[in-house]
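Here is a short briefing on how the parts of this structure meet. Have the 3D view open as you read, and follow one interface at a time.

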Amino acid sequence: MTTHTEEMTLNMGPQHPSTHGVFRLKVTVRGETITSAEPIIGYLHRGSEKLAEGLAYSQFIPYTDRLDYMNAMTNNYIYCASVEELMGLEIPERAEYLRILTMELNRVASHLLWWGTFMLDMGAISPFLYAFRDRDHILDRLNEISGARMTFNYMRIGGVKWDAPEGWIDRVKETVELIRENIHDYDTLVTGNEIFQARSKGVGYISKENAVNWGLSGPALRASGVKFDIRKDEPYSIYDRFDFDIPTREEGDVFARYKVRIAEIYESLKIVEQACEQIPDEGEIIHKKGKRLMMIKPPEGEVYKRAEASKGEIGVYLVSNKKKEPYRVKLRRPSFVNVEILEELLIGQPIANLVAIFGSLDVVLGEVDA
Amino acid sequence: MFRLLKGFGVTLKFFGSKKFTILYPDEKVEMPERFRGIHRFFPDKCIVCNMCVNACPTDVITLTGKPHPDNPKKKVIDTYNIDFQGCILCDFCTEVCPTAAIVMTARYDNLSSYDRANHFKDIDWLSSNEVYGNYTIEEEVDEDEAGEEK
Amino acid sequence: MELMPMVLYAGVLLQLILAGVAAAILFERKVIGYMQLRTGPNRHGPWGILQTVADVLKLLIKEDIIPHAADRKVFVLAPIIAFVPSFAILATVSWSENLYAADLNIGVLYFIGLSSVTTLGVLMGGWSSNNKYALLGSMRGVAQMISYEIPLVLSIVGVVILVGSLNLRDIVFFQESIGLWLFIPQFLGFVVYMISAIAELNRSPFDLPEAESELVSGYHTEYSGFRMAFFMLAEYVYAIAISALATTIFFGGWLGPDFLPGEFWFLLKMCFFMFVWFWLRATLPRARVDHLMNFGWKVLIPLALLNIVITSIIKVWMG
């Protein structure tokens with residue numbers, strides 16, 4: 001009797017507990033080792049870019065909430081900022097600070113959520129709940145200022161929609177303290193854990209060259225030793241007024257990406273604290289041209305504007321032909337670019353590493369498919 | 001090797017600490033005033049300017065007006081519908097409304113149903129949605145009485 | 001015992017075990033809930049006491065689905081094969097000095113030997129489902145359970161050498177006579193036993209066969225309704241059995257202060273073990289297959305062997 005082994009095609013997703021949405025991954029496995037992997041995307045495609053062409057400039061803002069719904073503030077910002085650049089608007093000082101505050105708080109919330117779900121992928125169930133608890137404090141603050149917990153729709157072309165309610169800045173300061181304390185607990189719970197380290201160290205290695213060649217951005221790039229953060233290298237808004245570091249790691253593995261994100265939470269909290277101190281007590285919050293929501297008509301031209309979202313570089317390319325609607329909107333979504341490297345990373349890995357590697361890239365499917 | 005044991009201390013600490021659960025149907029989260037929940041409509045204030053229909057990014061608002069009984073140049077609202085199947089609660093309608101006739105309340109639940117048709121809310125439903133929100137009502141008592149008489 | 005009392009005992013025990021499993025599941029959900037700052041189940045009955053009952057009822061009245069491509073006979077048989085041994089091993093457990101079913105001279109051997117039959121149920125379930133996740137899960141499960149059975153048995157051998165008997169009751173009487181619970185002189189064996197017991201039970205952090213984030217639900221992915229309930233039942237009865245064994249051989253069985261009956265102390269000690277397992281689940285991430293295998297073969301087995309050597313030397317030296 002002769003025996004032979006066969007490769008098996010395993011279809012992970014679109015419904016699978018750890019694909020974070022509707023992502024499909026077609027892998028062939030030999031035993032438990034992956035020999036080929038093919039990410040298949042598009043299950044959440046909503047045609048955002050095309051929709052923008054039929055909507056007035058302001059009307060597209062709520063749609064940007066729904067790209068990376070974990071980090072909607074930055075999406076709001078980058079779209080508004082690109083229109084503002086086209087129109088040449090000057091943003092009031094207080095509005096800039098409110099934007100920074102909300103964006104950085106949102107980045108912390110996004111990283112916390114990533115931390116929770118990533119640990120869930122790793123098989124630890126408690127961090128998920130702890131992360132949600134802390135994220136909830138931040139969402140409460142954002143809810144108070146913007147009126148929504150996830151799809152904020154807070155920024156407007158030329159400023160922000162609402163001024164901070166009474167006592168908001170103080171509550172933000174308290175939240176920052178609370179989260180800083182709690183993150184220490186999380187470090188004790190997870191980072192030192194030997195099982196976690198054994199699973200994450202040396203897994204999913206991305207070299208410096210590879211990271212650049214694949215166009216990675218955000219924590220995934222910085223964990224490979226490339227010190228690139230748009231907040232520092234090409235300061236937008238008023239980021240040049242704050243003192244913060246760009247955490248980088250040289251290892252380029254899952255653990256490095258984990259450490260970079262945890263360090264980034266601390267840096268973001270630092271920015272929030274500084275912004276709380278510096279923010280002017282009162283002032284305009286929106287440019288007068290932005291107040292007329294439906295009457296925004298930028299002059300003819302095109303612009304590309306980019307910002308550092310929690311997942312990486314988010315960019316908006318906008319073409320205007322002097323109409324009420326934009327002629328073309330192209331969105332550079334960091335998750336969409338980051339997920340492409342998955343195919344290369346997975347080959348030769350056991351299935352157990354698949355979820356760790358996929359989780360460590362921090363992909364949001366709303367953003368991949370747009 | 002033994003840093004992993006520290007984690008047990010953390011979970012044991014949380015074991016005894018205060019719980020964070022909100023027992024949802026029994027107790028509800030108090031949403032802040034600005035919360036963008038389900039709309040409320042004030043038919044008396046509406047001037048049928050059609051701004052909300054234009055501003056709606058998902059085209060879910062439909063309205064019709066009829067001539068004012070006293071002054072034929074003015075219009076009063078006749079029907080006003082929001083299709084909550086498509087509404088994304090973006091708040092543009094209340095933002096553009098010049099008379100604050102359409103506002104958002106902090107109500108965030110009880111829109112689910114077994115029938116799509118139930119999501120289509122008409123003027124009566126919207127004006128009787130009396131939940132607090134980011135708006136003020138003048139002579140609240142009178143208005144409530146008026147609503148009951150209708 | 002005669003046949004009739006034996007059958008009666010088994011019937012009563014089955015009922016009690018079902019109640020025990022229901023309590024254990026509730027206990028688990030409450031413990032994990034409290035550790036995660038939640039309150040756990042609380043809608044059914046006061047303090048959520050009837051939650052498990054409701055869950056079981058739901059599973060029982062659900063439609064019984066057998067996948068079209070499944071190997072029907074094996075598929076139906078697998079949950080039973082997984083459950084029966086886990087219940088049968090309870091026969092040797094001596095709940096107190098007077099309450100036991102079988103006073104076997106080879107109690108430990110019977111316990112360990114029969115419990116490994118469960119592996120067969122896992123393999124059959126995974127294979128016959130004709131599902132790739134189930135297949136991978138059952139392969140992992142079998143590899144893991146077989147490799148961890150060795151350190152499990154070896155860790156008990158130390159106790160057996162000390163006591164000089166395979167009889168579970170004799171082990172407790174020995175502990176009574178020396179006035180010391182055996183986890184102190186056999187600490188290394190106890191640690192090895194605890195770790196390999198977790199792997200045997202497929203509990204977190206070694207719950208690889210049903211690794212939710214990787215394999216959806218592992219070997220019982222395709223099972224639903226009461227067959228699924230059988231697998232869950234087997235898992236929890238087995239958890240109870242393993243903690244009963246640990247209580248008997250390392251924690252002095254029913255021994256305890258006299259003012260309460262032996263059954264109480266036995267149950268209390270078992271609850272302690274169950275709590276430790278739930279605690280582990282709330283704290284640790286899942287290990288990886290190859291790490292698990294490495295750990296089992298390269299760390300636990302040598303440690304267990306070392307324990308045997310040390311115990312033998314002490315035994316000879318003490319005379």
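The notes below go through three interfaces in turn.

This is a predicted model. The first interface lies inside chain C, where domain 1 (1–61) meets domain 2 (70–318). The other two join separate chains: chain C with chain A, and chain A with chain B.

**Inside chain C: domain 1 against domain 2**

- The C-alpha centres of domain 1 of chain C and domain 2 of chain C are 20 Å apart, and the contact draws on 19 residues from domain 1 and 24 residues from domain 2.
- Together the two domains of chain C bury about 1,900 Å², with 83% of that area on carbon and sulfur atoms.
- Three residues are good places to start looking: C:Y9, C:E28 and C:L59 provide 28% of the area that domain 1 of chain C buries against domain 2 of chain C, more than any other three residues.
- One salt bridge is found across this domain interface. C:E28 pairs with C:R281 in a salt bridge, and their closest N and O atoms are 2.5 Å apart.
- Three residue pairs are in polar contact between domain 1 of chain C and domain 2 of chain C, counting pairs with both residues at pLDDT 80 or more.
- On the domain 1 side of chain C, α1 (3–35) and α2 (51–61) each supply at least two residues, and α1(C) gives the most, with 16 residues.
- By residue type, the side of domain 1 of chain C that touches domain 2 of chain C has 17 nonpolar residues, one polar and one charged.

**Chain C against chain A**

- Here 26 residues from chain C meet 34 residues from chain A.
- The area buried between chain C and chain A is about 2,500 Å², and carbon and sulfur atoms account for 62% of it.
- How many salt bridges are found across the interface of chain C and chain A? The count is zero, while eight residue pairs are in polar contact, with both residues at pLDDT 80 or more.
- On the chain C side, the elements that give two or more residues are α1, α6 (132–163), α9 (212–215), α11 (262–283) and α12 (289–318).
- The largest share of that side of chain C, five residues, belongs to α6(C).
- Sorted by type, the chain C residues that touch chain A are 13 nonpolar, five polar and eight charged.

**Chain A against chain B**

- In this contact, 37 residues of chain A touch 28 residues of chain B.
- Chain A and chain B bury about 2,700 Å² between them, 59% of it on carbon and sulfur atoms.
- A:W162, A:D185 and A:E194 lose the most area to chain B among the residues of chain A, together 17% of what that side buries.
- Three salt bridges are counted between chain A and chain B. If you would like one to find in the viewer, A:K161 forms a salt bridge with B:E95, with the closest N and O atoms 3.4 Å apart.
- The interface of chain A and chain B also has 15 residue pairs in polar contact, both residues at pLDDT 80 or more.
- On the chain A side, two or more residues come from each of α2 (61–65), α5 (126–146), α6 (168–191) and α7 (194–200), and α5(A) has the largest share, nine residues.
- The chain A residues that touch chain B are 14 nonpolar, 13 polar and 10 charged.

Key
Residues numbered from 1 in each chain as written. Chains lettered and ligands numbered in written order. Predicted model: local features only at pLDDT ≥ 70, side-chain atom pairs only at ≥ 80, totals over all residues. Heavy atoms only, no water. Domains from an automatic or database assignment. Contact = heavy atoms within 4.5 Å. Buried area = accessible area lost by both parts, 1.4 Å probe. Salt bridge = Lys/Arg side-chain N within 4 Å of Asp/Glu carboxyl O. Polar contact = N/O pair within 3.5 Å; in protein donor to acceptor, adjacent residues only side chain to side chain. Helix = DSSP H or I, 4+ residues; strand = E, 2+ residues; numbered from the N terminus. Nonpolar A, V, L, I, M, F, W, Y, C, P; charged D, E, K, R; others polar.
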